[in-house]
Amino acid sequence: MRNKVIGIVLSLYMAISLVGCAKYDEEEISLRDQGISAMDSGDYEGAIDLFNQALGKSIGKVTDLEIDINYYKAAAQFSAGLFDDAAKTYTYLIKYDPDNYEAYFLRGSIYANEGEIGEAITDYDAAVAIDEKNYLLYIEIYDNLNALGYTDQGLVYLNNALNVSDKSANAKYYKGRIYYMLGQTSEARENLQTAVDKDISEARLYLAKLYQDEGDFDTALSLLEEYAASDDVTSDALAALGDIELTNGNYESALNYYQAGLSLDSIDNMPDLMKGQVAALEKLERYSEARDILTQYLEDYPNDEAAEKELIFLETR
């Protein structure tokens, strides 16, 4: 099950604001930015070459710029299928950036993807040791291991997260999520409700899922509406809300959620939102609008064969 690692994404390590700072080489920054553009267009080999050129402009001293470029380089190497090279780049980063859990996590994800589970566990353990209260890290490790068939090893991390001594509202939220993942609904409800009472917005989403699972759709919908109105809502969350409403047959509400996600300034899941919008419009029998959006989608994402077949269907309506 190669390439099923969830944790390695191109946007994981964001560029730092270096442009205009006199201590950095402007050509090195320019080459880095060109490499990022190449990654965005799917030219990973070209991106690697540009990142190597950028690193060749360094003055010999490792600064945060070189560290930044190497994170991008490793992501490009992974996306190009050069797993050994990516692991070597993360090993270099661990040497120069030893207190950053991400390098251990990402190298561990490569090892897991390659079936080297012992090495993966070693790196994952190092990552959580650096950032013990990073509950999302435990969840991502579990997701990676579970996706690759190492579910028992992944469950160890979820249970370790539950054992972290932390009474903060943030801990209640994430522990509630983890209890929900483990199917321990009573503990999930208690922790998530405490987080909601302490105004952790995302806790409403997971508490709504719990009530929905139990058939209490009115309470679930109320929580979802509160969450959608919060300032913390993300495009991913709005897509999830749209999916829930679509499944429940609330097509107008689903459409509203997808459109709300598309209206945000920061959108991380444009394809999901656009396809969700098309699905909702189809259910509402607004075929002309669905066809227009799907046509635009295929202009932006031309390799989606399922979407091409769906467009043929819509052209007959």
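A salt bridge is a side-chain nitrogen of Lys or Arg within 4 Å of a carboxyl oxygen of Asp or Glu. The exercises below concern a predicted model.

**Exercise 1.** Determine which parts of the chain the pair Arg204 and Glu226 ties together.

*Solution.* Step 1: the closest N and O atoms of Arg204 and Glu226 are 2.9 Å apart. With a cut-off of 4 Å, the pair forms a salt bridge. Step 2: Arg204 belongs to helix α11 and Glu226 to helix α12 (residues 217–228), so the salt bridge ties together parts that are 22 residues apart in sequence. Step 3: Arg204 has a relative accessible area of 12% and is therefore buried, whereas Glu226, at 39%, counts as partly exposed.

**Exercise 2.** Describe where Glu252 and Arg286 lie, and state how far apart the two residues are in sequence.

*Solution.* Step 1: Glu252 and Arg286 form a salt bridge in which the closest N and O atoms are 3.6 Å apart. Step 2: Glu252 lies in helix α14, while Arg286 is in the loop between α15 and α16, so this pair ties together parts that are 34 residues apart in sequence. Step 3: Glu252 is partly exposed at 39% relative accessibility, and Arg286 is partly exposed at 28%.

**Exercise 3.** Find the network that includes Arg32.

*Solution.* Step 1: Asp33 forms a salt bridge with Arg32, with 2.9 Å between the closest N and O atoms. Step 2: Arg32 counts as buried at 3% relative accessibility, and Asp33 counts as partly exposed at 29%. Step 3: through salt bridges with shared partners, Arg32, Asp33 and Asp68 join into one network. The model has 10 salt bridges by this rule.

**Exercise 4.** Establish how helices α14 and α15 are oriented to each other.

*Solution.* Step 1: helix α14 (residues 251–262) packs against helix α15 (residues 270–283) at an angle of about 155 degrees, their axes being 9 Å apart. Step 2: angles over 145 degrees count as roughly antiparallel, and α14 and α15 are therefore roughly antiparallel to each other. Step 3: the crossing of the two helices is left-handed. Step 4: residues of α14 including Tyr251, Leu255 and Tyr258 meet residues of α15, among them Met270, Leu273 and Met274. By class, this contact has nine nonpolar, four polar and one charged residues.

**Exercise 5.** Decide whether Glu285 is buried or exposed.

*Solution.* Step 1: Glu285 is located in the loop between α15 and α16. Step 2: the relative accessibility of Glu285 is 59%, so Glu285 counts as exposed. Step 3: although Glu285 is not a glycine, its phi is positive, about 60 degrees.

Note on methods: Residues numbered from 1 in each chain as written. Predicted model: local features only at pLDDT ≥ 70, side-chain atom pairs only at ≥ 80, totals over all residues. Heavy atoms only, no water. Axes fitted to C-alpha atoms, helices over the stretch in contact; angles between N-to-C directions. Helix = DSSP H or I, 4+ residues; strand = E, 2+ residues; numbered from the N terminus. Parallel < 35°, antiparallel > 145°, perpendicular 65-115°, else oblique. Left-handed = near helix turned anticlockwise from the far one by under 90°. Contact = heavy atoms within 4.5 Å. Nonpolar A, V, L, I, M, F, W, Y, C, P; charged D, E, K, R; others polar. Buried < 20%, exposed > 50% of the residue type's maximum accessible area, 1.4 Å probe, protein only.
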